[in-house]
Amino acid sequence: MAIELTEPTRGTSWPVLRHQRIGELAQLAIVRTEQRDRLRKNPSTNVLEKIQNGIKADGSPKYRQELVVHGVVVSSNMQVKAGDDFVTPPAGDRVRLILKGKGFGEWIEARKAHRGGRMVVGDTVLVSTTHAQRYDHDGAPKGERLTTQAEVDSIPRGVTVGLYGPLELVEGNDPKWIAAAEGHYKADEAARLERSAIPLESVAAGARSWEEDF
C-alpha cells in the first residue's frame, strides 16, 4: 500500500544537489518533504536570520519559505558537495533538493497537476539545469538568459550568476525505487519516534516527585 507523504520530521542532514552546469539532470524517488523558513547570513553579525516577507493578519511577521525535498537518487549527473569537493552521487544515495523562490513556485504548480495534489512516497521528481542568469550588485537580473555552458564559462570572475531549470513530478512506477524510498521514510519515522520517546528514567523520576507531594 502506498505511503502518503505527510509533514516532515527533522533528523540527519543529507547532501544537497546543486545546479552547476547546463545539461545536468537528476531523477529522485521522493522520501519526504519539509517546508521551513529561509535563512540568510547577516553580514554585520555573521548570524543566520529569517528573511521577513510581510505581516500576518494578527500582526506577527511572515517569513520567506523554502521546500526541502528528500529523495533517493535514481539517476543523476548533478552533483553534491562533499567536504571541499563536488561529487556525483550514485544511484541509491540519499540526497536533498532545496527549492526556493521560482523553484518552490514550480513545485507548487507541478503538485496541483500531480494526482490532484496528493503525493506518495516513491513518486519521482525530475530536475534539470537549462539556463543561467547574471545579476548586478543589487541582485537584479542583468542581460539575457544564458543557454550554453560556453556562455556561462565566459562570465568574468566576481559576477554573480544563478543556474536554473524546470521541475517535473511523475508518479512512481518502479518497485525497486519505491521500496528504497519507503525504506528511508520508515527509518525516518522510527528515528522521529525514538527522539520523541520519554526515557523510562524520566517517567520514574516524575512519579517519585508526584508521590513526594503527598
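These questions and answers walk through the predicted model shown above.

Residues are numbered from 1 along each chain as its sequence is written. In this predicted model local features need pLDDT of at least 70 and side-chain atom pairs count only at pLDDT 80 or more, while totals for chains, interfaces and linings use all residues, and side-chain values use heavy atoms, with hydrogens and water left out.

Biologist: How many helices and strands does the secondary structure come to?
Modeller: Helices (H or I, at least four residues) and strands (E, at least two) are DSSP runs, numbered from the N terminus. On that basis the protein has 4 helices and 15 strands.

Biologist: What percentage of the residues count as buried?
Modeller: Buried means under 20% relative accessible area, exposed means over 50%, and partly exposed lies in between (1.4 Å probe, protein chains only). The protein has 214 residues. The buried share is 32%.

Biologist: What share of the contacts with a separation of 6 or more is made by residues 24 or more positions apart?
Modeller: Contact means heavy atoms within 4.5 Å. Among contacts with a separation of 6 or more, residues 24 or more positions apart account for 75%.

Biologist: How much space lies in the largest pocket?
Modeller: Rolling a probe the size of a water molecule over the atoms shows where empty space is left. A pocket, on a 1 Å grid over the protein atoms alone, is an open set of points where a 1.4 Å probe fits, with protein on both sides within 12 Å along at least five of seven lines. Grid points are joined across faces, edges and corners, and a volume is the space filled by probe spheres set on the points. For the largest pocket that comes to about 830 Å³.

Biologist: Which residues lie nearest the centre of the largest pocket?
Modeller: Lining residues have an atom within 4 Å of a point. The largest pocket has 28 of them. Nearest its centre lie His19, Ile98, Lys100, Leu163 and Tyr164.

Biologist: Which element gives the most to the lining of the largest pocket?
Modeller: Elements that each supply at least two lining residues include strand E2 (25-37), strand E10 (94-100), helix H1 (102-112) and strand E14 (160-164). With 5 residues, the element that gives the most is E14.

Biologist: How do the lining residues of the largest pocket divide into nonpolar, polar and charged?
Modeller: Ala, Val, Leu, Ile, Met, Phe, Trp, Tyr, Cys and Pro count as nonpolar. Asp, Glu, Lys and Arg count as charged, and the others, Gly among them, as polar. The lining holds 14 nonpolar, 6 polar and 8 charged residues.

Biologist: Why do the buried residues of H1 line one face of the helix?
Modeller: The buried residues of H1 are Gly103, Phe104, Trp107 and Ala110. Seen down the axis of H1, they line one face because they fall within a limited arc, taken from the directions from the helix axis to the C-beta atoms. On the other side, Lys102 and Lys112 are exposed. The arc of the buried residues is 125 degrees.

Biologist: What do the buried residues of H1 pack against?
Modeller: Two of the partners are strand E7 (65-76) and strand E11 (124-128). With strand E15 (167-170) added, the full set is E2, E7, E10, E11 and E15.

Biologist: How far does helix H3 reach from its first C-alpha to its last?
Modeller: H3 covers residues 175-196, which is 22 residues. The expected span is 1.5 Å times one less than the number of residues. That gives 32 Å, and the helix comes close to it, at 31 Å.

Biologist: Which residues of H3 are buried, and which are exposed on the other side?
Modeller: Buried are Trp177, Ala181, Glu182, Tyr185 and Asp188. They fall within an arc of 130 degrees, so they line one face of the helix. What covers them includes E2, E7 and E10. Exposed on the other side are Pro175, Lys176, Lys186 and Glu194.

Biologist: What is phi of Asn46?
Modeller: Most residues other than glycine have a negative phi. Asn46 lies in the loop between strand E3 (39-42) and strand E4 (47-50), and is exposed at 53% relative accessibility. Its phi is positive, near 65 degrees.

Biologist: What is phi of Arg115?
Modeller: Arg115 sits in the loop between H1 and E11. Its relative accessible area is 27%, so Arg115 is partly exposed. Phi is again positive here, near 50 degrees.

Biologist: Which residues does Gln65 touch?
Modeller: Gln65 lies in E7 and is partly exposed at 26%. Not counting residues up to four places away in sequence, Gln65 touches Gln35, Arg36, Asp37, Arg38 and Phe104.
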